[in-house]
Amino acid sequence: MKKFGVKKEDYLYFLKSIKFQYIKGLIWNFKYYYQGCVSWSWYYPYFYAPFVSDLESFSDLIFDFEKDEPVD
């Protein structure tokens, strides 16, 4: 909570968000190297990664990427 400046009451929502975005980033990288760029506009919105201990129970998450063109 200190590292990201998150309030205690917002912590669970923040944890869910950072976990979702981090796993999405891993999937984006995997798809980039094996299928090509799936989204030119997607980016990881946080400066730090979550703790590995926070990356649990994400089997129910669904990841979609917006198809778009390269940025000029």
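This report describes the fold content, surface, largest pocket and selected residues of a predicted model.

**Overall architecture**

The protein comprises 72 residues, of which 25% are buried. Its secondary structure consists of one helix and zero strands. The C-alpha trace extends over about 40 × 30 × 15 Å along the principal axes. Helix α1 covers residues 11-35, and Phe30 is placed within this helix.

**A nonpolar surface patch**

Phe30 also takes part in a nonpolar patch on the surface, together with Tyr32, Tyr33 and Tyr34. The accessible area of these four residues together is about 550 Å².

**The largest pocket**

The space within the largest pocket amounts to about 190 Å³. Which residues line the largest pocket? The lining is formed by Met1, Lys3, Phe4, Tyr11, Phe14, Leu15, Ile18, Tyr48, Ala49, Pro50, Phe51 and Asp54. Classified by residue type, this lining includes 10 nonpolar and two charged residues, with no polar residue present.

**Individual residues**

Three residues illustrate the classes of solvent accessibility. Ile23 belongs to helix α1. Its relative accessibility is 6%, below the 20% limit for burial, and Ile23 is therefore counted as buried. Phe47 is located in the segment after α1. Is Phe47 buried or exposed? Phe47 is classed as exposed because its relative accessibility is 73%, where the class requires over 50%. Ala49 likewise lies in the segment after α1. With a relative accessibility of 42%, Ala49 counts as partly exposed, since this class lies between the limits for buried and exposed residues. Ala49 is also one of the residues that line the largest pocket.

**Separations in sequence and space**

The table sets out the C-alpha separations for each of these residues and a partner elsewhere in the chain.

| Residue pair | Separation along the chain | C-alpha to C-alpha distance |
|---|---|---|
| Ile23 and Lys2 | 21 residues | 22 Å |
| Phe47 and Phe4 | 43 residues | 8.7 Å |
| Ala49 and Lys19 | 30 residues | 8.5 Å |

Phe4, the partner of Phe47 in the table, is among the lining residues of the largest pocket. For Ala49, the partner is Lys19, at 8.5 Å in space and 30 residues in sequence. The buried residue Ile23 is paired with Lys2, and their C-alpha atoms are separated by 22 Å.

Key
Residues are numbered from 1 along each chain as its sequence is written. This is a predicted model: local features need pLDDT of at least 70, side-chain atom pairs count only at pLDDT 80 or more; totals for chains, interfaces and linings use all residues. Side-chain values use heavy atoms; hydrogens and water are left out. Patches are made of residues with over 30% relative accessible area and no salt bridge: like charges are joined within 9 Å, nonpolar side chains (Val, Leu, Ile, Met, Phe, Trp, Tyr) within 5 Å. Accessible areas come from the Shrake-Rupley method with a 1.4 Å probe; for residues, only the protein chains shown count as cover. A salt bridge is a side-chain nitrogen of Lys or Arg within 4 Å of a carboxyl oxygen of Asp or Glu. Helices (H or I, at least four residues) and strands (E, at least two) are DSSP runs, numbered from the N terminus. On a 1 Å grid over the protein atoms alone, a cavity is a set of points where a 1.4 Å probe fits but cannot get out, and a pocket is an open set with protein on both sides within 12 Å along at least five of seven lines; lining residues have an atom within 4 Å of a point. Grid points are joined across faces, edges and corners, and a volume is the space filled by probe spheres set on the points. Ala, Val, Leu, Ile, Met, Phe, Trp, Tyr, Cys and Pro count as nonpolar, Asp, Glu, Lys and Arg as charged, and the others, Gly among them, as polar. Buried means under 20% relative accessible area, exposed over 50%, partly exposed in between (1.4 Å probe, protein chains only).
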